[in-house]
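Me: I have a protein chain and its ligand on my screen, and I would like to walk through the fold with you. Could you help me read it step by step?

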Amino acid sequence: MSPLEKPPLDPHPLSPYVAWAGALNRNSILELFKERLPKNPGEVLELASGSGMHINYFANHFQQLNFQPSDQNEEVFENIRQLNQKAEAKNVYPPIKLDLTQPSTWSSVAGKKFDAIFCINIFQVAPISIADGMMKCAASLLRNGGSLFIYGPFKVDGKYTTTSNEEFDKKLISYGVPEWGLKDIADITLSAQKYRLNLKEKIDMPSNNFTLLYEQPQR
Ligand SMILES: C[S@@+](CC[C@H](N)C(=O)[O-])C[C@H]1O[C@@H](n2cnc3c(N)ncnc32)[C@H](O)[C@@H]1O
């Protein structure tokens, strides 16, 4: 199948659908990261890395940074390692188990501080309650002034920003999985505020997606 042929919706991280979505979105995210990731040596954590297609694609473009992949699901780790070998990206650490709903799993990186954390396409297939874990985790692991980037399709103040997002949401909801569906930026931001992360920017991305940029204040 050519990467531009849309496979049937399937949120499994190693599915053809997720690979198709990643192939479409990774260049626009890369361009944003070229502007926003630190220019000096630093550490970057990816949450919910899935197949590892993003982190291994990005890493070679940022020789000054080290990248840590993570996911709740250890079944994806072999794929992350294989993509890393293919990319020959030496600045990617081996994947670690990190479940956003289980703070005990954050202990392997506890005490380490990251300059940036990013997470791509989790909210449409996860409960909104995951925002609380994500913000708590990011607040504990980001250095002062560090950034959390969240990429995906979202609702804004309870409304769809485009008819294609509305159709996508209806399709997700039609599967009957309670946690599937577009989430509202305001609800994610409520969790961020609880952990004192500030929404700095809501960046429009191609195909009706956003990158939400939250910042750990300078303390
Ligand atoms: C749709 S996939 C997206 C994967 C990848 N970010 C991408 O864009 O290709 C969603 C990912 O979220 C991960 N995930 C779901 N719940 C999680 C949690 N509580 N903590 C960490 N990762 C989680 C899943 O294991 C899966 O890899």
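Reply: Gladly! Two strands count as paired if DSSP finds at least two bridges between them. Please keep in mind that this is a predicted model.

Me: Thanks! How many helices and strands does the protein chain have?

Reply: The radius of gyration of the chain is 16 Å, close to the 17 Å that the globule rule gives for 219 residues, so the chain is as compact as a globular protein of that length. Its C-alpha atoms fill a box of roughly 45 × 40 × 35 Å along the principal axes. Within the protein chain there are 6 helices and 10 strands.

Me: What percentage of the 219 residues is buried?

Reply: Let's begin with the contacts between residues at least 6 apart in sequence: 70% of them join residues at least 24 apart. For burial, a residue needs 20 or more other C-beta atoms within 10 Å of its own. In this chain, the buried share of the 219 residues is 36%.

Me: Let's look at strand β5. How many of its 7 residues are buried?

Reply: Strand β5 covers residues 114-120. This strand is largely enclosed by the rest of the structure, because the number of buried residues among its 7 is 6.

Me: Which residue of β5 stands opposite L45?

Reply: Strand β1, residues 42-47, pairs with β5 in the parallel sense. The two strands share 4 bridges. Across this pairing, the β5 residue facing L45 is I117.

Me: And which residue of β6 stands opposite A116?

Reply: β5 also pairs with strand β6, residues 142-152, in the parallel sense over 6 bridges. Helix α4 (residues 130-141) joins β5 and β6 in a right-handed β-α-β unit. In β6, the residue opposite A116 is S147.

Me: Which helix makes a β-α-β unit with β1 and β2?

Reply: β1 and strand β2 (residues 65-68) pair in the parallel sense over 4 bridges, and E43 stands opposite N66 in β2. The β-α-β unit that includes both strands is right-handed, and its helix, residues 53-59, is α2.

Me: Now the loop after β1. Is A48 buried or exposed?

Reply: A48 sits in the loop between β1 and α2. Its phi is near 55°, a positive value in a residue other than glycine, whereas most residues other than glycine have a negative phi. Because A48 has 24 C-beta neighbours inside 10 Å, it counts as buried.

Me: Is E88 buried or exposed?

Reply: E88 is not a glycine either, yet its phi is positive, about 50°. The residue lies in the loop between α3 (77-87) and β4 (96-97). Because E88 has 10 C-beta neighbours inside 10 Å, it counts as exposed.

Me: How far apart in space are K86 and M53, C-alpha to C-alpha?

Reply: K86 belongs to helix α3 and is exposed, with 9 other C-beta atoms within 10 Å. In sequence, K86 and M53 are 33 residues apart. In space, their C-alpha atoms are separated by 11 Å.

Me: Last one, on the ligand. Which residues come nearest to it?

Reply: There are 23 residues around the ligand. By class, this shell has 13 nonpolar, 8 polar and 2 charged residues. The ones that come nearest are P13, A48, G50, Q72 and L100.

Note on methods: Residues numbered from 1 in each chain as written. Predicted model: local features only at pLDDT ≥ 70, side-chain atom pairs only at ≥ 80, totals over all residues. Near = placed C-beta within 6 Å. Nonpolar A, V, L, I, M, F, W, Y, C, P; charged D, E, K, R; others polar. Buried ≥ 20, exposed ≤ 12 C-beta atoms within 10 Å, placed from the backbone. Right-handed = clockwise from strand over helix to strand, strands pointing away. Rg over C-alpha atoms; globule rule 2.2 N^0.38 Å. Contact = placed C-beta atoms within 7 Å.
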